[in-house]
Amino acid sequence: MEQKLNLRERLLSRWARWSVENWGKALLIALVITVILGFGLARLRMEMTFYSMLPDRSNQVKDLKEITENFSYASGILVVVDGRSIEDPKIAEKTVRDTIDELTLEYSKDTYDSYISSVIGKVDLSIFKEHALMLTKIDDLERLKRSYKDLNLVPLLKHINNDFEAEYSGNSDKLEDEEAEAVSRFKGLGELLKLIEDAAEGKDISDTKLDEVLDSYMFGDPYIMSNDNRMGLMIVQPTFNMNDINMLQPGVDTIEMVAKKAASDRGINAGLTGIMAVGRDEMVTSGQGLVISSILALILILGLLVLAFRMFSVPLISGIPLVTGILWTLGLSGLIINRLNIMTAMYIVALLGLGIDYAIHLLTGYIQERDGGLDFKSAVETSLIKSGAGIITGALTTAAAFFTLTIAKTGIIKELGVVAGLGIISELAAMIIIIPPLLAYREHRLIKSGKIDHRIFSKVKIKSDAASGIGKLLVKAPFSIAIVMLLIVIFLSFKAGDVGIQDNILKMEAKGLESVHLNDAMVKEFGMAPDGLLIISSNINEVRDLTDKIDKLSSVRSVESPADYYVSDKEYVERGDFLGEFTHELDGNVLAADVNSEGLLDELYRLETNLIEMGDMAYLGNMDRLVNTLGEITGIDNDGVKIKDTSFDRLFTLLEDNPAAGSFPAIEALQSSVYKKMNQKIRTMASRGKITPDMLPSNIRDSLISKDGKSFLISISPTQNPWEGEYRDIFTSQVNSVTDKGTGMILVADQLNIMAQQDGRSASILALIVVFLILLVDFKNIKLTVLTMLPLLGSFITLFGIMALTGIKFDFINIIVVPLLIGIGIDDAVHINHRYLKEGKGKMALVISRTGTALLLTTLTTVFGFASFIPSVMRAMRSTGIVLSLAMAIAFLFSVLFHPAVLIIVTEKFGWNIKPWNDKNDK
Amino acid sequence: MNKIFIAALLLFAFCIGSLSAQTAQEIVDRADEAFQGDRVYSISRMTVFKSGEAQPVQEIESYTMENAGKTYSLSIYTAPRRMKGTANLMIEDDLWIRFGSTGRTRKMSSSAKKNSAGGSDFSYADMGDGGQGLADNYTPKLVGEESVEGENCYKIELISQHADAPYEKMVVYITKDTYRYIKIEYFESNANIKSMKFYDYKTVNGTDYPFRYIMENHIKPSSTEVIVDVFEIDSSKVQDRFFTTGYLESIR
């Protein structure tokens with residue numbers, strides 16, 4: 001150690017000598033640090049959910065968190081009962097309904113009290129049965145009054161016909177929007193016709209049956225069924241929400257298990273969807289992926305080391321500080337930010353591949369010095385001094401790139417910056433602190449056991465030969481290599497701008513997840529998406545106003561809010577007066593003694609004609625469910641051909657054959673029953689009493705009104721799957737045109753994407769500046785600094801170009817590649833620079849020969865670390881693995897081929913000076 | 001179904017731009033020149049794709065004419081079997097539908113014109129409304145140039161002036177060299193809710209007409225393709241007597 005050492009080298013030299021002489025004490029120091037940081041480790045929480053990654057500053061997130069805490073609606077778990085495996089549609093429908101009934105009873109049992117607060121298997125119609133008319137707008141009341149003012153059969157049918165002709169003729173949009181309601185109403189009408197037919201044939205009509213049919217006609221189907229009636233939906237309100245990490249998995253698992261068992265017992269399927277189910281699946285799959293990938297990364301890296309070094313002690317010598325560095329990282333993270341999220345946990349796995357690099361450089365240097373004839377202590381000291389400069393600069397650039405992420409607005413990106421930066425520093429420190437004493441311990445053991453072979457790196461020379469070959473090629477044809485790589489960059493630069501951004505977060509989840517699949521099925525089969533937008537407000541008038549305006553937007557399927565159940569004082573007066581008059585008119589309406597057969601026949605003809613026309617409109621509008629329902633009533637198939645007799649035909653025959661009054665006493669009896677029953681129902685519906693919150697259906701009261709009763713929720717359902725980016729933009733833009741108060745996972749996820757992109761951009765610019773400055777300080781030469789950045793630029797263009805060509809998109813997780821590439825991708829070029837500066841002009845072959853093997857090994861270990869994400873079931877992790885591995889491989893090629901070629905050209909052909917500006921020796 | 005196209009273009013023909021929008025107005029006028037023909041007869045096929053799945057093809061025979069400043073159009077379905085004989089008659093804002101299955105004719109409310117026509121992604125207004133009233137609602141503004149389907153186009157915004165206009169904004173793309181419409185984007189509540197693209201231009205009576213156009217719905221998983229098989233201008237097949245409810249009721 002004759003040459004003059006700088007401060008960094010002097011410190012490394014002293015540590016090397018002291019730690020090999022006092023290896024026990026040095027290891028004890030490492031142990032003490034580990035114990036101290038163990039306190040931080042104990043504080044560390046694993047928050048592996050999507051929710052844990054949400055940006056926490058925006059109003060949308062604040063509102064969403066408030067909604068999650070105060071409204072059970074946001075935590076509703078959707079149970080989809082799927083009877084499509086049963087061929088017969090009627091049996092399928094009945095099985096689905098029976099399963100929903102059974103599940104409703106099962107979920108209501110005390111056994112599930114810890115997980116389930118309530119269950120909705122059917123819509124609670126009680127408020128409509130008692131207050132429907134008070135809840136109806138005055139315009140619609142006029143229509144209802146016309147429909148129900150005379151409840152004798154012929155006038156009733158006449159008003160039904162008038163109503164159809166006024167409401168539906170030609171309005172296919174209205175039919176489409178209200179298809180489910182229309183289907184339900186027509187089914188009720190079909191049942192009513194069947195009752196008339198049965199009566200005409202003299203059959204008895206039970207009171208219960210009549211009650212069911214009238215309820216079905218007046219209030220619709222209480223079950224939430226799919227378009228083809230082969231799937232049903234129920235909502236389970238859990239006792240927990242997305243924040244209750246410990247409850248999420250066991251709670252959702254239990255609800256799922258019960259649903260699957262009940263369905264399976266009846267030969268059908270059931271599954272869960274909604275954000276809670278997706279969250280649970282994400283938690284499970286991301287955890288699985290991490291365990292598998294961690295083990296895989298470790299096996300691959302240790303396997304590579306064993307193969308490369310042919311000695312089992314090297315994996316131990318590098319593995320112990322590697323694991324220690326990770327423990328330190330976790331401990332520091334625990335002390336500073338208390339938690340790991342999906343992104344930072346993934347990074348910890350990647351750190352296995354990054355940290356090992358420092359060990360490889362140090363050990364390669366040590367072996368090369370011993371091969372060069374130095375004794376143990378000097379070899380350790382020299383390797384630490386020579387390799388230390390490169391790895392410290394490399395680590396500083398990498399850590400700096402990561403720490404720049406702390407300027408991010410997004411919490412998860414900031415956390416990544418902290419954890420990743422600490423990880424690099426911890427690994428560097430662990431390697432420098434622990435490897436020398438471990439080598440000393442090994443030497444001590446060798447001496448003690450009488451072994452004198454110090455070689456632990458027997459295969460280096462073979463690989464050095466390969467590296468040497470590359471070095472010679474570079475010296476021989478630097479222009480060719482540089483031009484070929486430049487042409488690749490130019491070609492890919494045309495494609496680089498086309499790299500896409502993943503805007504559907506569900507496509508980042510594991511492939512084949514039932515919750516995601518059912519999410520799509522809900523859109524297709526039920527015409528509704530589980531994830532829409534939510535608005536919170538403490539002003540019921542604002543809620544009403546927003547509900548009305550938003551409901552008119554073309555991208556909105558439906559809006560649900562307590563406004564539908566709120567009646568203002570003015571409306572109470574207005575509607576109350578109207579209902580008073582209406583009931584008074586009902587008083588004046590009397591039950592007819594008989595049924596006018598001719599009039600009944602005319603109205604039935606008219607009704608059939610109306611239903612055929614509506615069937616045509618539904619057919620043109622491609623509303624299959626409505627076409628089928630109307631086809632069942634009219635006997636007309638898809639081609640418009642009459643294929644079977646219906647209640648209409650049988651009634652026509654009976655009535656045409658027996659036109660005389662009094663021919664059908666049973667119809668007259670039915671008229672009497674219908675009249676009395678409907679009269680009673682309508683009078684109940686016309687109640688003028690105040691509607692108080694406790695009267696609301698439990699699903700509305702519990703889900704759309706906050707627990708303290710002070711704020712209200714508006715739920716907006718979109719017409720399509722809002723996770724699809726292009727449609728989401730339309731949906732959110734339209735809602736934004738009414739109010740900026742909308743929130744929901746789709747908006748928050750959008751924000752996450754936007755912020756990740758913005759953060760990524762600003763952090764990358766800062767990282768580039770910081771890396772540039774570190775390189776400038778290290779090399780003290782602006783030309784060399786710029787030249788060192790060039791392979792980085794080439795790597796980025798190549799990576800983006802390949803991503804665009806292969807269709808790999810950026811998402812808010814794999815965007816991590818940008819700072820990583822800046823920090824890590826530059827390391828190889830830095831090592832080559834240091835060696836080239838040391839060896840001098842004309843020695844590039846030697847430089848590559850000496851550094852190439854270590855660079856290849858470090859790149860391989862890094863790639864293995866990242867590639868270990870590829871087997872993950874979670875697509876975001878797999879994509880991150882692919883992108884990072886690709887990036888590191890590209891950076892290696894540009895550093896080992898392009899950069900040395902350029903260095904040869906500019907220094908040896910063009911005569912550029914790349915020596916530090918304070919170096920007076922121009923050799 | 002040529003009405004869809006004609007209507008979209010007639011809409012621009014009547015736009016009265018401000019002085020500052022003169023250039024945009026000139027471009028639109030120039031593009032509209034090709035579509036000033038009267039008494040248009042066409043036979044077209046319309047296919048609606050729901051979630052990418054083709055629905056039964058609708059074949060439609062159409063008659064359109066201008067008379068005394070009013071636009072008249074009659075569309076008669078000839079297929080599929082169920083819809084044969086069903087017809088729409090539109091006279092300015094008035095719309096009637098005649099059902100082939102029942103033989104009844106219904107007058108529709110004017111608001112129905114904003115509804116989907118025949119379950120397609122076109123509204124009745126898209127198909128046949130091209131009168132002065134609608135056109136008056138938009139002001140053209142040249143906002144730039146853009147390449148669409150490989151063609152260099154003028155990009156012109158048409159901003160609605162009245163709340164009752166079918167769309168709050170439309171953006172049209174007109175080729176710079178041939179003044180052909182290539183694409184129209186329709187906006188509602190700040191969002192592009194659907195887009196129409198024009199293909200297969202052919203020359204008829206010395207002017208170019210698109211023989212295929214596609215309306216893509218952005219708020220539903222749906223798109224509609226129209227292929228024009230027959231297209232005649234100043235056609236003797238178009239007669240004044242067709243545009244009455246009496247004729248509509250007589251259709252078999």
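Select B:Ser51 to begin: this residue is exposed, with 10 other C-beta atoms within 10 Å, where a residue is called buried if 20 or more other C-beta atoms lie within 10 Å of its own, exposed if 12 or fewer, and partly exposed in between, the C-beta atoms being placed from the backbone. B:Ser51 sits in the loop between strand E1 (40-50) and strand E2 (53-54) of chain B, and although B:Ser51 is not a glycine, its phi is positive, at about 50 degrees. The model on screen is a predicted one, in which local features need pLDDT of at least 70 and side-chain atom pairs count only at pLDDT 80 or more, while totals for chains, interfaces and linings use all residues. Residues are numbered from 1 along each chain as its sequence is written, and chains are lettered from A and ligands numbered from 1 in the order in which they are written.

**Further stops in chain B**

Move next to B:Asn190, in the loop between strand E11 (181-188) and strand E12 (191-204) of chain B. B:Asn190 also is not a glycine and has a positive phi, of about 70 degrees, and with 16 other C-beta atoms within 10 Å B:Asn190 is partly exposed.

Then select B:Ala79 and B:Pro80 together, and look at the peptide bond from B:Ala79 to B:Pro80, which is cis, with omega near 5 degrees. B:Pro80 belongs to the loop between strand E4 (70-79) and strand E5 (87-91) of chain B.

With the whole of chain B selected, there are 5 helices and 14 strands to find; here helices (H or I, at least four residues) and strands (E, at least two) are DSSP runs, numbered from the N terminus. Of the 252 residues in chain B, 48% are buried. Among contacts in chain B between residues at least 6 apart in sequence, 48% join residues at least 24 apart, two residues being in contact if their C-beta atoms, placed from the backbone, lie within 7 Å.

**Where the chains meet**

Now show both chains and select the contact, which takes 29 residues from chain A and 30 residues from chain B. On the side of chain A that touches chain B, the elements giving two or more residues are helix H8 (172-177), helix H22 (597-620) and helix H27 (725-738) of chain A, and H27(A) gives the most, with 7 residues. By class, this side of chain A has 6 nonpolar, 17 polar and 6 charged residues, where Ala, Val, Leu, Ile, Met, Phe, Trp, Tyr, Cys and Pro count as nonpolar, Asp, Glu, Lys and Arg as charged, and the others, Gly among them, as polar.

**Chain A as a whole**

Select chain A alone, which has 33 helices and 10 strands. Its radius of gyration is 37 Å, well over the 29 Å that the globule rule gives for 923 residues, so chain A is more spread out than a compact globule; the radius is taken over C-alpha atoms, and the rule is 2.2 Å times the number of residues to the power 0.38. Along the principal axes, the C-alpha atoms of chain A fill a box of roughly 125 × 55 × 50 Å. Buried residues make up 51% of the 923 residues in chain A.

**Helices H14, H15 and H16 of chain A**

Select helix H14 (residues 342-371) and helix H16 (residues 411-449) of chain A, whose axes come within 9 Å and cross at roughly 30 degrees. H14(A) and H16(A) are therefore roughly parallel to each other, since angles under 35 degrees count as roughly parallel, over 145 as roughly antiparallel, 65 to 115 as roughly perpendicular and the rest as oblique. Residues making this contact include A:Tyr347 and A:Leu351 of H14(A) and A:Ala420 and A:Ile424 of H16(A), and the contact has 17 nonpolar, 3 polar and 2 charged residues.

Add helix H15 (residues 376-403) of chain A, which packs with H16(A) at an angle of about 170 degrees, the axes being 9 Å apart. That makes H15(A) roughly antiparallel to H16(A). The residues of this contact divide into 15 nonpolar, 3 polar and 1 charged.

Finish on A:Phe403, found in helix H15 of chain A, which counts as buried, with 22 C-beta neighbours inside 10 Å. Not counting residues up to four places away in sequence, A:Phe403 touches A:Gly417 and A:Gly421, while A:Phe403 and A:Ala420, 17 residues apart in sequence, are 7.6 Å apart in space, C-alpha to C-alpha.

Key:
Axes fitted to C-alpha atoms, helices over the stretch in contact; angles between N-to-C directions.
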